[in-house]
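Hello,

Here is the structure I said I would pass on. Please open it first; my notes follow below.

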Amino acid sequence: MFPNITSKRLHYRQLVADDWRFFLSLQQDERVMRYVADPQPEEEIRRDRFEIRLPHWQKGSTHWLCLVMMEQGQSAPLGVTGFIDRGDGVAEVGFLLAAEAQGKGLGTESLHDIARYALNELGFRKLIATVTAGNEASRRTLLKVGFQQEGTLRKSYHLAGEWRDDWVFGLFADEWRPL
């Protein structure tokens, strides 16, 4: 059974097969994916991004813990968030918000929730995130939660036909402060 993660405005549940249409809508929305990935055919999205996130997750799993975020008292999904265990007490976080849910502070609130769960309840010592340079909204979200920009990987990620820089962020457990 998945633990109850909630906050002032949000609650979460693990991704399930019935979330396919919503997940696909995120992956096919260029406003959501602009800094994340190039368009892919539907069958590749299902195989390479969706189905690999469906198995039961526990600390040490080699796939992402993918959580669907919803407003309290609602069942309509707003986005997905989660992390993957990278070993040695480090987890990499990631999040995607539907275009209509962006700009409302939900990304910051959800990242606080994920940080609290990963650092306090699961005992990870550090969270990391990688953001394509230019994605100022994600950068601001990470900084608001307490992440520090640790560096830039130059021409590290191929997106939209060109090599782009990646910004790397980190947050140690002893640096994190709850809302």
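**Helix α5 and the sheet it covers**

Start with helix α5, residues 136–145, which lies across four strands: β4 (90–97), β5 (126–132), β6 and β7 (162–172). The helix runs at about 10° to β7. Keep in mind that this is a predicted model.

Now the sheet itself. It is open and has 7 strands, in the order β1-β2-β3-β4-β5-β7-β6. The pairing is mixed. At the edges are β1 (10–14) and β6 (148–159), each of which pairs on one side only. On average, neighbouring strands of this sheet are turned by 30° against each other, direction ignored.

At the β1 edge, the partner is β2, residues 65–71. These two strands pair in the antiparallel sense, over 5 bridges. Within that pair, Arg 13 stands opposite Val 68 of β2.

**Nonpolar cores**

The largest nonpolar core has 33 residues. Which of them touch the most other members? They are Phe 83, Val 93, Leu 127 and Phe 147. Two or more residues each come from β1, β2, β3, β4, α4 (106–121), β5, α5 and β7. Helix α4 gives the most, with 7 residues.

Val 93 is a good place to zoom in. Leaving out residues up to four places away in sequence, Val 93 touches Trp 64, Gly 82, Phe 83, Leu 111, Ile 114, Leu 127, Ile 128, Ala 129 and Phe 147. Among these contacts are Phe 83, Leu 127 and Phe 147, which, with Val 93, touch the most other members of the core.

Another core lies apart from this one. It has 18 residues, including Trp 20, Leu 24, Ile 45 and Phe 50.

**Two backbone oddities**

Two residues deserve a look for their phi angles. Asp 88 is not a glycine, yet its phi is positive, at about 55°. Asp 88 sits in the loop between β3 (77–87) and β4. Is Asp 88 buried or exposed? Its relative accessibility is 71%, so Asp 88 counts as exposed.

The other is Lys 155, again not a glycine, with a positive phi of about 45°. Where is Lys 155 found? It is in strand β6, one of the edge strands. Lys 155 has a relative accessible area of 62%, so it is exposed. The cut-off for exposed is over 50%.

Best wishes

Terms used:
Residues are numbered from 1 along each chain as its sequence is written. This is a predicted model: local features need pLDDT of at least 70, side-chain atom pairs count only at pLDDT 80 or more; totals for chains, interfaces and linings use all residues. Side-chain values use heavy atoms; hydrogens and water are left out. Two strands pair if DSSP finds at least two bridges between them. Axes are lines fitted to C-alpha atoms, for helices over the stretch in contact, and angles run from 0 to 180 degrees between N-to-C directions. Contact means heavy atoms within 4.5 Å. Buried means under 20% relative accessible area, exposed over 50%, partly exposed in between (1.4 Å probe, protein chains only). A nonpolar core is a set of buried Ala, Val, Leu, Ile, Met, Phe, Trp, Tyr and Cys residues joined through side-chain atoms within 4.5 Å.
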